[in-house]
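I opened a fresh page for this one and kept my notes short. Here is what I looked up, in the order I looked.

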Amino acid sequence: MQNSLSVLGQVKKDIAARITRAISKAQDRDELPKDINVEVKMEIPPRPEQGDFATGAAMALGRQAKMDGRTVAGIIIRHLDIDDSPVLRVDIAGPGFLNFFLDGSWLEKAMSRVWAEGPSYGRTDYLKGQKILLEFVSANPTGPLNVVNARAAAVGDCLASMLEMAGAEVSREFYVNDAGNQTDILGASLEARYRQALGQDYPLPENSYRGEYLKDMAAALAAEKGSSLLELPDGERHEFFKSYALGKIIEWQKKTLKDYGLTFDTWFSEKSLRDTGAHNQVVELLRVKGLTYEKDGALWFRSTQFGDDKDRVLVKSDPNASATYILPDLAYHKNKLERGFNHLIDILGPDHHGYVNRLAAGLMGLGYPREVLEVLIVQVVRLVKGKEVVKMSKRGGEFITMDELLEEVGKDAARFFFLMRSPESHLDFDIDLARLQSNENPVFYVQYAHARIASIFRQAKDDGFKFAMGPNEINFSLLRDPSELALMKIIAAFPEEVYEIAKAREPNRLIKYMMDLATAFHAFYSRCRVLGDDPDLTAARLYLAKLTQITLANALRLIGVSAPESM
RNA sequence: GCGCCUGUAGCUCAGGGGAUAGAGCACCUGCCUUCUAAGCAGGGAGUCGCAGGUUCGAUUCCUGCCAGGCGCGCCA
């Protein structure tokens, strides 16, 4: 990549720098107070008559200087140097906005960049040097994935892709809780089901997993092995059922995620970490620092020293002196950092928000700065069919698993719907709307724009259009319809959008961007016939259609939704 | 009781110290002899939960209150 900044980013930066210089000049001449300053932020105004770019910097200065925003704006303009820039005109508008009107040169440059970069258009270097480990889903390997897992999967995968596009190095990781007493219960549950399958009257253990999937698994096992497993010694038998169930369920979860188009770089086993004694090292490190104490037969961590609301038990008072959940998890996060990642992002469910301070306290206790750990909480999902709420009871075969959701609405609609809402807001997922194969379903609006463009190119081929495309072949100035200009501006904003959205951790804004892009294309399509009598105009418009398609495809790839050639 | 999330159009939700508060769906009116009408153009629809405060300016920030959801283990 030649440039780390997008064309639009360069233009914004250039204008902002000119404004900053104008402010300094005004301060030198005592037209503005010297003790005020502002970071000039260029934005794209909501209406075209408000220019190509705008800034509220004059108003911000006015506030500090206790001056009228419009007056400050006037002073800035007087000192503004716009030589050798694409700026044609600057207006003062409203309470003191500076509205910039530019010539088309920057747009032409931005468009040729899209053409040149193709599938990697949108890539920037803004986050270069960040090595991020993004941990998400991390569902317990004790049952099928559910709809909140599906939401976290959509958010995490999209965020990871966007961070990568903005220049960060990202690893997607799934933490497998394949140790601890939940897994013992899982094994015992399977054994009970196995015995039942063999005709024994055998009770399920306490707090057992009661899902049908264990019955099926047990039946298969009974058919394959008969009663031979019962002859194993106790320890060996328990271990068998446990690891068998874990293996099957993890395999199942991987399959579900694969159907969702998501592959993790690493499935990190808690057991493997425990086997190395890593959690004992954590205890030792904390003990040496005097951050632990014994009470009621248990070992406690002084997490309150690091902002937690109470101290936490690390080692229980039970006869085995077993570890609480936090201990291996701390060892795990320490391990992440030791693998060279300089930033950790965990996407957790709403039931874990009380856990965040504890974990952060632990990492601080181990000597890491608080900022290395960032936790995003993905909120609950409520499934709705039209007006009715779908009960999420684990029993009774209700529609609850991620597999069932995918079967019902498909991967594209599922991912799109999960990303439409901000991750921290409670989501009503309307299954009826998501499965509708019609214009009522918003996912098609975006896909349709992509398919329409593909259709134009098929038609062009059929008609035997001889055209040369590419920035050097076309007459860019022919693209001057308001709908064409609006479309190009949105395309030009893509790399900045990706970076801004990734930085804000708000993948839902990418959906909005895509809707805006599709809207701009559909408007262009209606107003401007692409395949017309004028070969130059046709070539120019085909070029624009191709750039739109590239941008749409790249955005769809970021959210993991397919970009159909026809619909 | 404490903590987190949420309260914006009929519904589901964006937005965010400033320029006429947006989208999708639903509703109404136009638009297919030409590249896919899963589309376009236009219209109706909102005291931005309530009350105070900060500000030249608050729907946005602060405080209190009301309502809904979720969580508060030597579970994971």
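Before anything else, I fixed what I mean by contact: two residues are in contact if their C-beta atoms, placed from the backbone, lie within 7 Å. I also reminded myself that this is a predicted model.

**Entry 1: Pro-205**

I used that cut-off on Pro-205 right away. Leaving aside neighbours within four places in sequence, I found Pro-205 in contact with Ile-185, Ala-188, Ser-189 and Ala-192. For one of these partners, Ala-192, I noted a C-alpha to C-alpha distance of 7.5 Å from Pro-205, with the two positions 13 residues apart in sequence numbering. Pro-205 itself is in the loop between α6 and α7 (212–225), and α6 covers 181–197. I asked myself whether Pro-205 is buried or exposed. It falls in between: Pro-205 is partly exposed, because 15 other C-beta atoms lie within 10 Å.

**Entry 2: the whole of chain A**

Next I stepped back. I counted 19 helices and 14 strands in chain A. Along the principal axes, its C-alpha atoms fill a box of roughly 85 × 65 × 45 Å. Of the 567 residues in chain A, 40% count as buried. I then looked at contacts between residues at least 6 apart in sequence, and 74% of those join residues at least 24 apart.

**Entry 3: around RNA strand B**

Which residues come nearest to RNA strand B? I noted Asp-296, Tyr-325, Asn-439, Ala-451 and Ser-455, out of 72 residues around the strand. By class, the residues of this surface divide into 27 nonpolar, 30 polar and 15 charged. I also wrote down the elements that each supply at least two residues to the surface: α2 (57–65), β3 (97–102), α6 (181–197), β14 (427–430), α15 (442–462) and α18 (508–527).

**Entry 4: α16 against α18**

Since α18 had come up, I looked at how it packs. The axes of helix α16 (residues 482–492) and α18 come within 9 Å and cross at roughly 155°. Angles over 145 degrees count as roughly antiparallel, and α16 and α18 are therefore roughly antiparallel to each other. The crossing of α16 past α18 is left-handed. On the α16 side, the contact is made by Ser-483, Glu-484, Ala-486, Leu-487 and Ile-490. On the α18 side, I listed Asp-516, Leu-517, Ala-520, Phe-521, Ala-523, Phe-524 and Arg-527. I sorted this contact by class and got 8 nonpolar, 1 polar and 3 charged residues.

**Entry 5: α16 against α19**

I stayed with α16 and turned to helix α19 (residues 535–559). Their axes come within 10 Å and cross at roughly 35°, and α16 passes α19 in a left-handed crossing. Here Glu-484, Leu-487, Met-488 and Ile-491 in α16 meet Leu-544, Leu-547, Thr-548 and Thr-551 in α19. The residues of this contact divide into 5 nonpolar, 2 polar and 1 charged. Glu-484 and Leu-487 caught my eye: they are listed in the contact with α18 and again in the contact with α19.

**Entry 6: α15 against α19**

How do α15 and α19 pack? I noted an angle of about 140°, with the axes 10 Å apart. That makes α15 oblique to α19, and the crossing is left-handed. From α15, the residues are Val-446, Ala-449, His-450, Ile-453, Ile-456 and Ala-460. They meet Leu-542, Ala-545, Thr-548, Gln-549, Leu-552, Ala-553 and Leu-556 in α19. This contact has 10 nonpolar and 3 polar residues, with no charged ones.

**Entry 7: two positive phi values**

Most residues other than glycine have a negative phi, so I wrote down two that do not. Asp-30 has phi near 60°, and Asp-30 lies in the loop between α1 (7–28) and β1 (53–55). With 8 C-beta neighbours inside 10 Å, Asp-30 counts as exposed. Val-137 has a positive phi of about 65° and is found in the loop between β4 (131–135) and α5 (147–165). Val-137 counts as buried, because 28 C-beta neighbours lie inside 10 Å.

**Entry 8: Leu-291**

My last stop was Leu-291, in the loop between α10 (278–288) and β7 (292–295). Leu-291 counts as buried, because it has 21 C-beta neighbours inside 10 Å and the cut-off is 20 or more. Beyond its neighbours within four places in sequence, Leu-291 is in contact with Leu-286, Phe-301, Arg-302, Gln-305 and Gly-365. Leu-291 and Gly-365 are 74 residues apart in sequence, yet 7.3 Å apart in space, C-alpha to C-alpha.

Key: Residues are numbered from 1 along each chain as its sequence is written. Chains are lettered from A and ligands numbered from 1 in the order in which they are written. This is a predicted model: local features need pLDDT of at least 70, side-chain atom pairs count only at pLDDT 80 or more; totals for chains, interfaces and linings use all residues. A residue is near a molecule or strand if its C-beta atom, placed from the backbone, lies within 6 Å of it. Helices (H or I, at least four residues) and strands (E, at least two) are DSSP runs, numbered from the N terminus. Ala, Val, Leu, Ile, Met, Phe, Trp, Tyr, Cys and Pro count as nonpolar, Asp, Glu, Lys and Arg as charged, and the others, Gly among them, as polar. A residue is buried if 20 or more other C-beta atoms lie within 10 Å of its own, exposed if 12 or fewer, and partly exposed in between; C-beta atoms are placed from the backbone. Axes are lines fitted to C-alpha atoms, for helices over the stretch in contact, and angles run from 0 to 180 degrees between N-to-C directions. Angles under 35 degrees count as roughly parallel, over 145 as roughly antiparallel, 65 to 115 as roughly perpendicular and the rest as oblique. A crossing is left-handed if the near helix is turned anticlockwise from the far one by less than a right angle, and right-handed if clockwise.
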